Amino acid sequence: MLARNNDTRFMAAAIALSQRGRGRTGENPNVGCIIVKDGLIIGRGWTQPGGRPHAEAMALAQAGTAAKGADIYVTMEPCAHESTRGPTCADLVIEAAPARVVLATLDIDERTRRHGIDRLGDAGISVSVGVLEQQAYRAMAGFFTRMEKGRPHVTLKLAMSLDGCIAMADGSSKWITGDRARAHAHLERARCDAILVGAGTVAADNPGLDVRSPGLENRSPTPIVLGKAEVADHWLKIDEPEAISGLERINWLLVEGGAATATSFLKADLVDRLLLYRAPIIIGGGLPSIADIGLNSLDVTHGQWIRQDRRDLGQDMLEIYERAA
């Protein structure tokens, strides 16, 4: 029982580390790795910007020769396919000679899936799989969504009043939510590769879509506009929601608005996660957050969304929902 509790505790730490790389790893998964010996953490790693070094390489470099006989906790199976960018993580782990490797989940990439753990097993290293698998999957959902569905993982963010309005009738929307909710929204931006708004939002607000939280300014995502709009050269443009499948090196996409864009993504069934910020105000007669998405019956929508979190942000309320499997 003690060993299982320790495995859970250290894997939770590896999953937390993996979030440091979220939105910065390109086509690679944002993996986390912890190396433990005699109950002490001797190495930590997470996938670095651009995808290299991998989490295991970073942690092993930190642990050095002390990794021999240690336990390695990693949120995804170590890569086993050859790359011009560096040695495989499976080979690095074998060279370090740990006592065992504990994994949250297998790699979904067929070039590595099961090849990594088979190579470790052939080298005499004990391997366990499935510790906090669901939590690790959620933490690396951008990579899994791209591999499974051929598109980024999409979070739709809406800031609204209690009666579901995102602006007054004349379009005024600054500010519906308070400082703490807006700060949280900027943290969400920093955790995504790209951020998307509609052409109407560009025309009305000329948004920068950058991250303005102190210390995170360099984490601004790539801005994307849906539709025809005059934007700066560093922006990307797409004509329809389905075109996100053509975005390269983007695992995590944040859709911020406005209502027509939100509706189009929901109607196209392309939203994986909802961020709903609710301010304790009633506008009445304002602009609704969502238009008609073509729903013909209430029966088909029940059970579609599962609430994962709910918290107070000052006077505002944040609710986070994820798409049911």
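Two strands are taken to pair if DSSP finds at least two bridges between them. In the predicted model described here, β4 and β5 satisfy this criterion, pairing in the parallel sense over four bridges. Within this pairing, R100 has S126 of β5 as its bridge partner.

Both strands belong to an open sheet of five strands, arranged in the order β2-β1-β3-β4-β5 with mixed pairing. The edges of the sheet are formed by β2 (40-46) and β5 (126-129), each of which pairs on one side only. On average, neighbouring strands of this sheet are turned by 15° against each other, direction being ignored.

Helix α4 lies across β4 and β5 and runs at about 150° to β5. Helix α3, which spans residues 89-96, contributes four buried residues, namely C89, A90, V93 and A96. Viewed down the axis of α3, these buried residues fall within an arc of 125°, and they therefore line one face of the helix. In an α-helix there are 3.6 residues a turn, so residues three or four places apart point the same way. The buried residues of α3 pack against two helices and two strands: α2 (55-63), α4 (115-122), β3 (71-74) and β4 (100-103). After α3 comes A97, which has a positive phi, near 60°.

The packing of two helices is described by the angle between their axes and the distance between the axes. For α3 and α4, the axes come within 9 Å and cross at roughly 20°. Angles under 35 degrees count as roughly parallel, and α3 and α4 are therefore roughly parallel to each other. The crossing in which α3 passes α4 is right-handed. On the α3 side, the residues that meet α4 are A90, D91, V93 and I94; their counterparts in α4 are G116, R119 and L120. Two of these α3 residues, A90 and V93, are also listed among the buried residues of the helix.

A further helix, α9, comprises residues 259-267, and its residues T261, A262, T263 and F265 are buried. The buried residues of α9 pack against four strands, β6 (153-160), β8 (194-198), β9 (222-226) and β11 (252-257). Just after α9, D269 adopts a positive phi of about 60°.

How values were computed:
Residues are numbered from 1 along each chain as its sequence is written. This is a predicted model: local features need pLDDT of at least 70, side-chain atom pairs count only at pLDDT 80 or more; totals for chains, interfaces and linings use all residues. Side-chain values use heavy atoms; hydrogens and water are left out. Buried means under 20% relative accessible area, exposed over 50%, partly exposed in between (1.4 Å probe, protein chains only). Contact means heavy atoms within 4.5 Å. The arc is that of the directions from the helix axis to the C-beta atoms. Axes are lines fitted to C-alpha atoms, for helices over the stretch in contact, and angles run from 0 to 180 degrees between N-to-C directions. Angles under 35 degrees count as roughly parallel, over 145 as roughly antiparallel, 65 to 115 as roughly perpendicular and the rest as oblique. A crossing is left-handed if the near helix is turned anticlockwise from the far one by less than a right angle, and right-handed if clockwise.
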